[in-house]
Amino acid sequence: MAKVLFSVISGADPISYCKDGPMLHLCRWERPDITALFLSGDFLRYHRSDDRYRKSIAELGKRIDHEFEILIFEEEGLENPHVFDAFYDTFEKRFNEIFQKYGDDTELVVNLS
C-alpha cells in the first residue's frame, strides 16, 4: 500500500519564517512514499522558474534518509486558491488519478491549507 501526500502549495511553502512550511512539515512527519504537489497561479510560475518545491523535498529526503517520489499537478488558469469551490472537480479528478496509478488501497493524506 502506498502512502500519498496530496498538498496544495501555498505562500508558506516550502519554508516559512526559517521553518518547514506545511508541505515540508507533512513530508517530514508523515514520510509519504509519494508527494503530489498541486500548483496553480504564482506557485506554478515559481516552480517553473527554479523548481524550489521539488528541490526542497529532495533535500529533506537526504536529511531524513527517506526517498520521496514527487508528482507535480500543474493547474493553469486557477488563480484564486482560497476559493475552494473552484477546485472541487479538479481535486476529485486528481485524487482519482492517484488511486488509479497506485491502487484503491492507497492511503491519501490531503493538505489543503
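**Helix packing, a buried asparagine and some backbone details**

The crossing of helix α1 with helix α3 is right-handed, in a model that is predicted. The residues that carry this contact are Met 23, Leu 24, Cys 27 and Arg 28 on the α1 side, which meet Tyr 53, Ser 56, Ile 57, Leu 60 and Ile 64 on the α3 side. Sorted by character, the residues of this contact comprise seven nonpolar, one polar and one charged.

Two packed helices are described by the angle between their axes and the distance between the axes. For α1, which spans residues 22-30, and α3, which spans residues 52-64, the axes come within 10 Å and cross at roughly 30°. Because angles under 35 degrees count as roughly parallel, that crossing makes α1 roughly parallel to α3.

Helix α3 also packs against helix α2, which is made of residues 41-50, and here the two axes come within 7 Å and cross at roughly 70°. An angle of 65 to 115 degrees counts as roughly perpendicular, and α2 and α3 are therefore described as roughly perpendicular to each other. In this contact Phe 43, Tyr 46, His 47 and Asp 50 of α2 meet Arg 52, Tyr 53, Arg 54 and Lys 55 of α3, and the residues involved divide into three nonpolar, one polar and four charged. Tyr 53 of α3 is thus named in the contact with α2, and Tyr 53 is also named in the contact with α1.

Further along helix α3 one finds Lys 62, which counts as exposed at 66% relative accessibility. Between Lys 62 and Ser 16 there are 20 Å in space, taken from C-alpha to C-alpha, and the two are 46 residues apart in sequence.

From the helices the reader can turn to strand β6, residues 107-111, where Asn 111 has its place. Asn 111 has a relative accessible area of 7%, and because buried means under 20%, Asn 111 is classed as buried. What does the side chain of Asn 111 make a polar contact with? The partner is the side chain of Ser 7, at 2.8 Å. Once neighbours within four places in sequence are set aside, Asn 111 is in contact with Leu 5, Phe 6, Ser 7 and Val 8, and also with Pro 22, Met 23 and Leu 26. Met 23, one of these contacts of Asn 111, is also among the α1 residues that meet α3.

Several loops hold backbone details that can be checked in the structure. In the loop between β1 (3-8) and β2 (15-16) lies Pro 14, and the peptide bond that leads from Asp 13 to Pro 14 is cis, with omega near -5°. The loop between β2 and β3 (19-20) contains Cys 18, a residue that has a positive phi of about 65° although it is not a glycine. Cys 18 counts as exposed, with 79% relative accessibility.

A positive phi is also found at Arg 31, where the value is about 50° although this residue is not a glycine. Arg 31 lies in the loop between α1 and β4 (34-40), and at 37% relative accessibility Arg 31 counts as partly exposed, whereas Cys 18 counts as exposed.

How values were computed
Residues numbered from 1 in each chain as written. Predicted model: local features only at pLDDT ≥ 70, side-chain atom pairs only at ≥ 80, totals over all residues. Heavy atoms only, no water. Axes fitted to C-alpha atoms, helices over the stretch in contact; angles between N-to-C directions. Helix = DSSP H or I, 4+ residues; strand = E, 2+ residues; numbered from the N terminus. Parallel < 35°, antiparallel > 145°, perpendicular 65-115°, else oblique. Left-handed = near helix turned anticlockwise from the far one by under 90°. Contact = heavy atoms within 4.5 Å. Nonpolar A, V, L, I, M, F, W, Y, C, P; charged D, E, K, R; others polar. Buried < 20%, exposed > 50% of the residue type's maximum accessible area, 1.4 Å probe, protein only. Polar contact = N/O pair within 3.5 Å; in protein donor to acceptor, adjacent residues only side chain to side chain.
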